[in-house]
Amino acid sequence: MFLRSFPLLCLLAFASFFTACTDDTDTNLNPAPSQPGTLDVEIDHVAGTEPLAFNTTYTTAAGDKFTVSRFKYYLSNFTLGKTDGSSYLVPESYFLVDEADPESKFFTLADIPSGDYTSLSFTIGVDSTRNVSGAQTGALDPINNMFWTWDSGYIFTKLEGTSPQAPNQALVFHIGGFKKPNNTIRSVSPTLRGVTIPIRKDRNPAVHLKADVLRLFTGPNTIRFATTPNVMGGADAVKIADNQRAGFFTVDHVHTN
Amino acid sequence: MGFSSFWRCWLVVAAVSALLSGCEPDPPSPTPFSATPYDLQIPGGLPARPAIPADNLLTVEGVALGRMLFYEPRLSRNNTLSCGSCHQQSKAFTDGRARALGVDGQQHQRSTMSLANVLWEFSLNWDGAARSLEDQARLPLENPVEMHQTLGEGVRKLQQTDLYPPLFEKAFGSRLITEANLLKALAQFERTLLSANSRYDRYLRREADLTRDEQMGALLFRSHPGEVGGIFVRGAACHHCHLETTGLFSSPEFFNNGLDAAFADTGRGGITGQVADQGKFRAPSLRNIALTAPYMHDGRFQTLEDVVDHYNEHVERASPFLDPNLLLSNTPNGTKLDLTAKEKQQLIAFLRTLTDSAFIKDPRFSNPFQL
């Protein structure tokens with residue numbers, strides 16, 4: 001008898017707990033509960049002022065010439081913030097963006113609580129929890145060739161190409177690692193340029209991001225291909241991750257439609 | 001308990017159907033079709049979730065039919081070749097030839113590919129010409145330098161037999177053979193060809209040992225040469241294209257592995273039309289690699305020693321859009337991979353541990369017409 005009613009009791013207890021929470025906080029911010037909306041994210045890849053194309057020669061700020069033949073990276077944990085300091089983390093937001101796959105540069109964050117958001121932040125890479133456990137499906141499937149091992153975790157950013165300055169011409173940058181001292185997980189919050197993102201059921205806002213490959217090699221740390229052409233995690237990966245945090249992503253513009 | 005609730009459920013269904021049929025004029029009552037779900041056991045060491053299309057789930061009847069079709073020579077122009085002629089189980093579903101030989105004695109441009117664990121491959125054929133096994137099967141059946149017969153003609157031949165119409169009925173609910181159902185059955189059989197019981201798999205499961213040389217070879221296989229944290233690591237970096245972490249030893253991507261400076265076969269570029277894809281091919285699975293000689297898309301290398309020599313010493317560095325991982329060296333600033341002779345032997349010793357002798361003898365995969 002007790003067992004029979006136990007689930008019901010649990011449900012009631014949970015429901016009342018949930019209601020209590022709602023009374024305390026959300027009601028004040030959102031007097032009328034409204035339906036969630038979406039945010040489109042579109043990413044352009046560039047090398048400085050030029051659009052990125054495979055096997056085209058670009059020049060770093062330090063003057064090294066290079067081409068790109070493979071460029072892909074993870075973005076995760078998209079979080080939208082309001083002026084009052086509250087924020088919403090989009091659950092299970094893991095995306096593998098691949099220059100070779102144009103469709104991967106456009107995705108939609110769904111079921112975001114309605115509201116006016118003034119900041120957007122996200123992680124370049126995969127959070128440490130998912131590096132060591134959890135479902136490896138979709139973007140996180142090891143079959144995507146972005147996974148080392150449970151011990152080493154995911155490759156967060158992969159850029160491969162060539163450079164005449166590199167000792168054997170090869171450029172192989174596999175940025176990853178989630179353990180100290182070589183943790184390369186970086187969260188960024190590129191400015192929305194003062195634009196507020198209106199999330200509503202009947203609206204279709206979009207953020208256009210720009211990822212600049214030149215910024216992998218310049219910023220807090222200058223990367224020269226003569227000495228650092230080949231990175232598989234480790235201390236050099238940390239230097240590039242710090243560059244990524246500093247200015248790899250910018251918001252080009254926001255559509256509030 | 002489970003049984004009684006099953007019957008209760010059945011009674012409800014029966015009662016509802018009786019009611020419904022009572023309300024309607026007598027419809028023609030077709031025999032309800034249902035085939036038996038095939039319980040595909042995915043061995044540990046392979047990806048857990050195979051990509052099986054929802055409109056072609058495996059059934060016992062479909063797989064059994066697919067196996068017969070796989071070994072059915074009437075699917076070739078002069079009834080002499082079946083899929084199994086070039087995809088021979090004893091050679092991990094390859095043929096031992098540098099390039100495949102078609103029904104008219106013509107030589108194919110490319111080498112026969114193994115079918116082990118093919119259900120996880122995103123793209124098929126050396127150039128990714130097909131994206132599903134259902135689509136892929138039509139290509140060798142109809143290609144003039146392979147089996148050289150339209151699928152429609154194959155269907156017509158099989159429809160005239162006593163053997164096949166009842167088997168198609170069991171698998172798909174109709175004695176009328178269709179091209180789509182023929183391709184589906186072949187794909188179902190191919191999806192059962194799982195190989196994950198090599199000595200290396202048993203080593204990972206702690207059921208077998210590898211020699212020291214084999215273990216060193218495995219380490220070289222998955223090590224990226226270069227300085228890491230102040231230590232210079234030696235490696236062959238095979239794992240960038242032959243992913244061992246998935247258990248498949250293949251990749252969803254395409255690579256130029258430095259065979260030629262100019263391409264006789266444009267490979268992936270022939271499919272995408274992109275200049276940067278010219279000379280790129282799939283990195284096929286290395287499972288059972290010791291059984292699938294000769295090697296490369298055109299079978300140019302006879303032995304694994306030749307293959308390792310290529311990657312170690314003969315990469316065509318001027319090849320357009322060469323994969324940068326092929327430029328790596330175990331010598332700082334070196335221009336060749338520079339494994340030692342001993343390391344090359346270790347690498348090959350490891351590759352030989354990927355042979356799955358149970359797979360090539362599994363009676364479920366053999367020719368059902370030769371029992």
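**Strand pairing in chain A and helix packing in chain B**

In chain A, strand E1 and strand E2, the latter made up of residues 50–51, pair in the antiparallel sense over two bridges. This and all that follows describes a predicted model. Within this pairing, A:Ala47 stands opposite A:Glu50 in E2(A). The two strands form a hairpin with two residues between them, and in this hairpin A:Gly48 takes a positive phi near 65°.

Strand E1(A), which covers residues 37–47, also pairs with strand E7 of chain A (residues 106–112), in the antiparallel sense and over five bridges. Here A:Gly37 is the residue that stands opposite A:Ile112 in E7(A). A further partner of E1(A) is strand E15 of chain A, formed by residues 206–212, and this pairing is parallel and runs over seven bridges. In the pairing with E15(A), A:His45 is found opposite A:Ala211. Strand E1(A) is thus joined to E2(A) in the antiparallel sense, to E7(A) in the antiparallel sense and to E15(A) in the parallel sense.

A second set of pairings in chain A involves strand E12, which comprises residues 170–176 and is mostly covered, with seven of its seven residues buried. The covering applies to both faces of the strand: on one side A:Ala170, A:Val172, A:His174 and A:Gly176 are buried, and on the other side A:Leu171, A:Phe173 and A:Ile175 are buried as well. Strand E11 of chain A (residues 153–162) runs antiparallel to E12(A), and seven bridges join the two strands. Across this pairing, A:Ile155 stands opposite A:Gly176, a residue that also belongs to one of the two buried faces of E12(A). Strand E16 of chain A, formed by residues 230–232, pairs with E12(A) in the parallel sense over three bridges. In this case A:Val172 of the buried strand stands opposite A:Asn230 in E16(A).

Taken as a whole, chain A has four helices and 17 strands, and of its 257 residues 37% count as buried. Among the contacts in chain A with a separation of 6 or more, 75% are accounted for by residues 24 or more positions apart. Chain B, by contrast in its make-up, has twelve helices and four strands. Of the 371 residues of chain B, 43% count as buried, and residues 24 or more positions apart account for 65% of the contacts in chain B with a separation of 6 or more.

In chain B, the packing of helices can be followed around helix H12. Two packed helices are in general described by the angle between their axes and the distance between the axes. Helix H11 (residues 304–313) of chain B packs against helix H12 (residues 341–352) of chain B at an angle of about 130°, and the two axes are 10 Å apart. Because of this angle, H11(B) is oblique to H12(B). The crossing of the two helices is right-handed. The residues that meet are B:Leu304, B:Glu305, B:Val308 and B:Asn312 in H11(B), and B:Lys344, B:Leu347, B:Ile348 and B:Leu351 in H12(B). Sorted by class, this contact has five nonpolar residues, one polar residue and two charged residues.

Helix H9 of chain B (residues 212–221) also packs against H12(B), with axes that come within 7 Å and cross at roughly 95°. The two helices are therefore roughly perpendicular to each other. From H9(B), the residues B:Asp213, B:Glu214, B:Met216, B:Gly217, B:Ala218, B:Leu220 and B:Phe221 take part, and they meet B:Glu343, B:Gln345, B:Gln346, B:Leu347, B:Ala349 and B:Phe350 in H12(B). This contact has seven nonpolar, three polar and three charged residues. B:Leu347 in H12(B) appears in the contact with H11(B) and also in the contact with H9(B).

The loop between helix H8 (199–204) and H9 of chain B contains B:Glu207. This residue is exposed, because 10 other C-beta atoms lie within 10 Å. The C-alpha atoms of B:Glu207 and B:Leu291, which are 84 residues apart along the chain, are separated by 23 Å.

Finally, the two chains touch each other, and the contact takes 23 residues from chain B and 23 residues from chain A. On the side of chain B that touches chain A, the residues divide into ten nonpolar, eleven polar and two charged.

Definitions and conventions: Residues numbered from 1 in each chain as written. Chains lettered and ligands numbered in written order. Predicted model: local features only at pLDDT ≥ 70, side-chain atom pairs only at ≥ 80, totals over all residues. Axes fitted to C-alpha atoms, helices over the stretch in contact; angles between N-to-C directions. Parallel < 35°, antiparallel > 145°, perpendicular 65-115°, else oblique. Left-handed = near helix turned anticlockwise from the far one by under 90°. Contact = placed C-beta atoms within 7 Å. Nonpolar A, V, L, I, M, F, W, Y, C, P; charged D, E, K, R; others polar. Buried ≥ 20, exposed ≤ 12 C-beta atoms within 10 Å, placed from the backbone. Pairing = 2+ DSSP bridges.
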